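I opened a fresh notebook page to record what I looked up, one entry at a time.

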Amino acid sequence: MRATVWQGKKKVGIEQVADPTILNTRDAILRITSTAICGSDLHLYQGLVPTLERGDILGHEFMGEVVEVGPGVKNLRIGDRVVVPFPIACGACAQCRRGLFSTCENSNPNAWIAEKVHGHPVAGVFGYTHMLGGFAGGQAEYVRVPFADIGPLVVPGGMSDEQALFLSDILPTGYMGAEMCNIQPGDVVAVWGCGPVGQFAIASAKMLGAEKIIAIDRFRYRLEMARARAGATDVLDYEDDSVHDKLMELTGGRGPDACIDAVGMEAHGHGPMWVYDRTKQALKMESDRPIALRQAIRACRSGGVVSVIGVYGGFIDKFPMGTVMNRSLTIRSGQCHVHKYMRPLLERIQKGEIDPTFIITHRMALEDVADGYDIFLNKQEECMKVVMKV
Amino acid sequence: MTRRDRTDLLAESLGWFSIGLGLAEIAAPRGLGFCIGVDVDRRGRNLMRVLGAREMVAGLGILSGRRRATWMWSRVLGDAMDLALLGSAMSSQDCDRTRLGAATLAVAGVTAVDVLAAARLSRAATSPGDEARGIEVVKAITVARTPSELYRFWRKLENLPRFMQNLEAVDTIDETRSRWRVKGPAGRAVEWEAEVVEDSPGQCIAWRSLPGADVQNAGRVEFVAAPAGRGTEVRVHLRYQPPAGRVGRGLAAMFGKDPAHQVSSDLRRLKQVIETGEVIRSDASIHTGMHAAQPPKRPDDLPRPVERPLEGELR
């Protein structure tokens, strides 16, 4: 089959590789119909995430048609059209039973690496390094899906691929970011980062009843989409304004009741702290640049929630713990527990409460994946989301 | 501070002392000569510098932390050389006997400390907790089943190879005795016999290699109910002697270079088998060593996954 292979820093390409086979009894093999490039794939693309190997097949946002099932899968049939959550979860361990699927205790054959880095293992993820299992990804013609009796959700006949595809990751991730804010009537929610996840966090905050939603980014087209399509009430371009001052102005000095960091480890900014983080990251003295996170902690009203859904990989520096402690802040975070959110969000899509297709700016063939990564990374052509048909 | 920490601190102090003395010998041979009561001529100066270089090398060797005992013994050898030189200086005409005597006494004192440190380091190096006491590993994992179910699964020793990666087979001989086969180095199997020495249904199983085995090895597993229905804490305690004889090599093959890592990985596989029915495989993990996450090129070489219902083995 043809598959997207990481060939080195900023180099991906289509290569001919073996077709996937059933390796565990609860596996299914899918013929991919649609797949997307995730913002977190860009961290991989640039070689920023340890334990990615040359030759690894990328891609964790995908859907397709079931072409084979292992003897342990009783709930799927050949021909079913399914969308697949990006974390691989067994459904049986204590973490899965708590609904914390992205920290599944059984799905990562390389759990020991994750345990060394993070203290405890985390779930396997498709196409996302060997620390997360060494599973081939889904930017390909076919993919093997372990625990296929737990993850994949059958997509109803009337729903298009584009409507369902983002249930695999970014829609539930944005939704979880908003849900963790525990939004109450009258709440102001500020969202750092208006990429696809930020857009869905904004749209979800709106669905969950936020009074005012402030979108923060530096790209006009992204802020424009946040206002016009996702439902932000105010936008803040940090190239023009001081984030903190503007947020205080917009909230009557109270600060947002909840702050969502949808940026993560590669944040941009201004001033000495930006230079400091950029330098330390370049010198490999810190793995992640927490510029957005520091701003969010500083801006959040006392007793509020800072919800972190942007991806962090390792260690950050100059973390304002004093602010968190003295102002009674709550930090909530996590890789999305997609399994928990897919069905309710599918129902919201069916009811027309949200149409996730609004973020798609680029549609291409799998063959053009190298262009897709390049355009997305460099935000050319006002790129927001690249979807590939297979 | 443990005894080992104290020995290390002593060694480091002596290492720095070597460097300091060496620097003085190289930089100020005459001044140093005056201090110890010898008049240093040109030849003497060069000798002093050579001695200084020797001190520096020994000091750096000790501080590098590698083969510390050897470096420390090199200091003892150097001390002997110094004492001999001081002795020969004693018989020369132009020397200050009082100072020379004091210097000799000082070197003798340092020699005693060096011998003590070297002896301690040698002892520590030959017994890094391994050969003397054997390797001991304690690991635990929580599995979402009752203690009785886990006990039953484990007590059927034929099940052990399902999660112990390097164990090829366990055959039951009778009620308590069993024969274990491990994938040895270069594909050669290593076998030994073991007996169950403690068997408390639902609580614990302990086993050890039978008398006559080259090396003693013993293991014990406890099954304790975790609080509030959180399953069972499976706690494994293993003790074995590393390579010495066939069984030792077999055990080394079984537990690899890092026994603690191997045991915790095996326990994770136990959890996978009990909770999900089998050991999870990924495109990369089916290969040994680093391998790109791509589907296997020759899948027919892999064992086909078969459904093996667990319930029968747990009840």
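Entry 1, the sheet. I looked for the strand order in chain A and found an open sheet of 6 strands, E12-E11-E10-E13-E14-E15, with parallel pairing; strands and helices here are DSSP runs, E of at least two residues for strands and H or I of at least four for helices, numbered from the N terminus, and two strands pair if DSSP finds at least two bridges between them. The edge strands, each pairing on one side only, are E12 (234-237) and E15 (330-333) of chain A. Direction ignored, neighbouring strands of this sheet are turned by 20° against each other on average, where axes are lines fitted to C-alpha atoms, for helices over the stretch in contact, and angles run from 0 to 180 degrees between N-to-C directions.

I noted before going on that this is a predicted model, in which local features need pLDDT of at least 70 and side-chain atom pairs count only at pLDDT 80 or more, while totals for chains, interfaces and linings use all residues. Residues are numbered from 1 along each chain as its sequence is written, and chains are lettered from A and ligands numbered from 1 in the order in which they are written.

Entry 2, one pair of strands and a helix. I saw that E11 (residues 212-217) and E12 of chain A run parallel and are joined by 4 bridges, with Asp217(A) opposite Asp237(A) of E12(A). Helix H10 (residues 291-299) of chain A packs on the sheet, where it touches E10 (188-192), E13 (258-261) and E14 (305-308) of chain A, and the direction of H10 makes about 180° with that of E13(A).

Entry 3, helix H12. I checked residues 338-350 of chain A, and this helix of 13 residues reaches 18 Å from its first C-alpha to its last, close to the 18 Å expected (1.5 Å times one less than the number of residues). Its buried residues include Val338(A), Tyr341(A), Leu345(A) and Ile349(A); buried is said of a residue with 20 or more other C-beta atoms within 10 Å of its own, the C-beta atoms being placed from the backbone. Among the elements covering them are helix H4 (161-165) and helix H5 (170-179) of chain A. After H12(A) comes Gly352(A), with a positive phi near 80°.

Entry 4, the two chains. I found 30 residues of chain B in contact with 36 residues of chain A, contact being C-beta atoms, placed from the backbone, within 7 Å.

Entry 5, chain A overall. I recorded 13 helices and 17 strands, and buried residues make up 55% of the 390 residues.

Methods. Buried ≥ 20, exposed ≤ 12 C-beta atoms within 10 Å, placed from the backbone. Contact = placed C-beta atoms within 7 Å.
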